[in-house]
Amino acid sequence: MSDNAKEILKIEHLFKDYDNTPVLEDIDLTVNKGEVVVIVGPSGCGKSTFLRCLNGLESIREGRITLDGEPVDPNNRSIYKIRERIGMVFQSYDLFPHKTILQNITLSPVKVQKRDKKETEKEALELLERIGLSSHKDKYPRQLSGGQKQRVAIVRALIMHPEVLLLDEITASLDPEMVREVLDVVLSLAREGRTMVIVTHEMGFARAVADRMIFMDGGHIVEEGSPDEFFDRPKSERLRSFLKTFDYEG
């Protein structure tokens with residue numbers, strides 16, 4: 001990351017609650033263009049809720065989220081345009097079971113962005129080729145493994161040309177042998193300079209892909225830093241305790 005990095009996503013004093021129970025409290029974070037920010041923390045600390053707030057899938061009680069200066073507000077009519085610019089991949093794939101892989105990928109750019117169908121299909125096939133799944137274009141989701149479905153879900157997000165990509169525990173539902181094929185795709189995106197905010201429990205992957213690490217606990221950002229600082233020289237006892245629960249690759 002250069003000193004002249006351009007700010008693209010800004011979160012200021014974000015508060016979120018469910019039925020008056022705080023979930024996120026006074027979160028401040030800036031993400032720069034081309035930066036990979038990885039968020040880790042114990043289950044239930046608010047990581048996934050935070051990602052859903054970033055593209056307007058969840059409303060917030062207080063604070064402000066902006067993408068290139070434009071507010072991300074689920075109550076604003078422009079939220080659908082904003083969501084096209086902030087792609088999200090969930091751990092559950094969410095592919096349409098009755099549509100082929102190619103149809104799943106091309107549906108939104110053609111229907112929502114009104115892009116040319118032939119050009120979109122050409123791009124979709126190029127993306128599928130890149131992740132080794134072009135021969136599966138006419139199959140249905142049920143015919144694919146979990147790892148293959150998750151790679152398709154990433155392609156489906158990429159074809160919308162998002163400025164920021166949010167990845168929420170995308171390996172959580174996968175068998176261990178399928179995890180690597182998905183993480184390799186994300187590592188290649190990071191090397192291209194994609195702007196990403198990633199929630200994961202895969203610590204070795206987090207260290208390899210991140211420009212910056214964030215540790216969340218109890219709805220707060222407890223600590224942040226470079227991967228080396230984060231894993232080798234954690235400042236807080238809470239982070240030191242959390243890292244001891246993982247066997248991650250140094």
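Biologist: How much space lies in the largest cavity?

Modeller: In this predicted model, a search of the whole structure finds one cavity of 30 Å³ or more. The space in the largest cavity amounts to about 40 Å³.

Biologist: Which classes of residue line the largest cavity, and how many are charged?

Modeller: The lining consists of Ile-170, Thr-171, Leu-183, Ile-198, Val-199, Thr-200 and Phe-205. Sorted by class, five of the lining residues are nonpolar and two are polar, and the number of charged residues is none.

Biologist: What is the volume of the largest pocket, and which residues are the closest to its centre?

Modeller: The largest pocket has a volume of about 600 Å³. Its lining is made up of 18 residues, and the closest to the centre are Arg-83, Met-88, Ser-108, Arg-156 and Met-160.

Biologist: Which elements give two or more residues to the lining of the largest pocket?

Modeller: By class, this lining has ten nonpolar, four polar and four charged residues. The elements that supply two or more residues are α2 (79-85), β6 (86-89), α3 (101-111) and α5 (146-158).

Biologist: Two of those elements, α3 and α5, pack at an angle of about 25°. Are α3 and α5 roughly parallel or oblique to each other?

Modeller: The axes of α3 and α5 lie 8 Å apart, and α3 passes α5 in a right-handed crossing. Angles under 35 degrees count as roughly parallel. The angle is about 25°, and therefore α3 and α5 are roughly parallel.

Biologist: How are α3 and α4 oriented to each other?

Modeller: Helix α4 covers residues 117-130, and its axis is 9 Å from that of α3, at an angle of about 130°. The crossing of this pair is right-handed. An angle over 145 degrees would count as roughly antiparallel, and one of 65 to 115 as roughly perpendicular. The angle of about 130° fits neither range, so α3 and α4 are oblique.

Biologist: Helix α5 also meets α6. What is the handedness of the crossing of α5 and α6?

Modeller: Helix α6 spans residues 176-191, and its axis comes within 8 Å of the axis of α5, crossing at roughly 20°. These two helices are therefore roughly parallel to each other. The crossing of α5 and α6 is right-handed.

Biologist: Which are the edge strands of the open sheet of six strands?

Modeller: The strand order is β6-β7-β8-β3-β9-β10, with mixed pairing. From one strand to the next, the twist averages 20°. Each edge strand pairs on one side only, and these strands are β6 and β10.

Biologist: In which sense do β6 and β7 pair, parallel or antiparallel, and which residue stands opposite Ile-86?

Modeller: Strand β7 runs over residues 164-168 and is joined to β6 by four bridges. The sense of this pairing is parallel, and the residue opposite Ile-86 is Val-164 in β7.

Biologist: At the other edge of the sheet, what joins β9 to β10, and which residue in the turn has a positive phi?

Modeller: Strands β9 (residues 212-217) and β10 (residues 220-225) pair in the antiparallel sense over five bridges, and Met-213 stands opposite Gly-225 in β10. The two strands form a hairpin with two residues between them. The turn residue with a positive phi, of about 60°, is Gly-218.

Methods
Residues are numbered from 1 along each chain as its sequence is written. This is a predicted model: local features need pLDDT of at least 70, side-chain atom pairs count only at pLDDT 80 or more; totals for chains, interfaces and linings use all residues. Side-chain values use heavy atoms; hydrogens and water are left out. On a 1 Å grid over the protein atoms alone, a cavity is a set of points where a 1.4 Å probe fits but cannot get out, and a pocket is an open set with protein on both sides within 12 Å along at least five of seven lines; lining residues have an atom within 4 Å of a point. Grid points are joined across faces, edges and corners, and a volume is the space filled by probe spheres set on the points. Ala, Val, Leu, Ile, Met, Phe, Trp, Tyr, Cys and Pro count as nonpolar, Asp, Glu, Lys and Arg as charged, and the others, Gly among them, as polar. Two strands pair if DSSP finds at least two bridges between them. Axes are lines fitted to C-alpha atoms, for helices over the stretch in contact, and angles run from 0 to 180 degrees between N-to-C directions. A crossing is left-handed if the near helix is turned anticlockwise from the far one by less than a right angle, and right-handed if clockwise.
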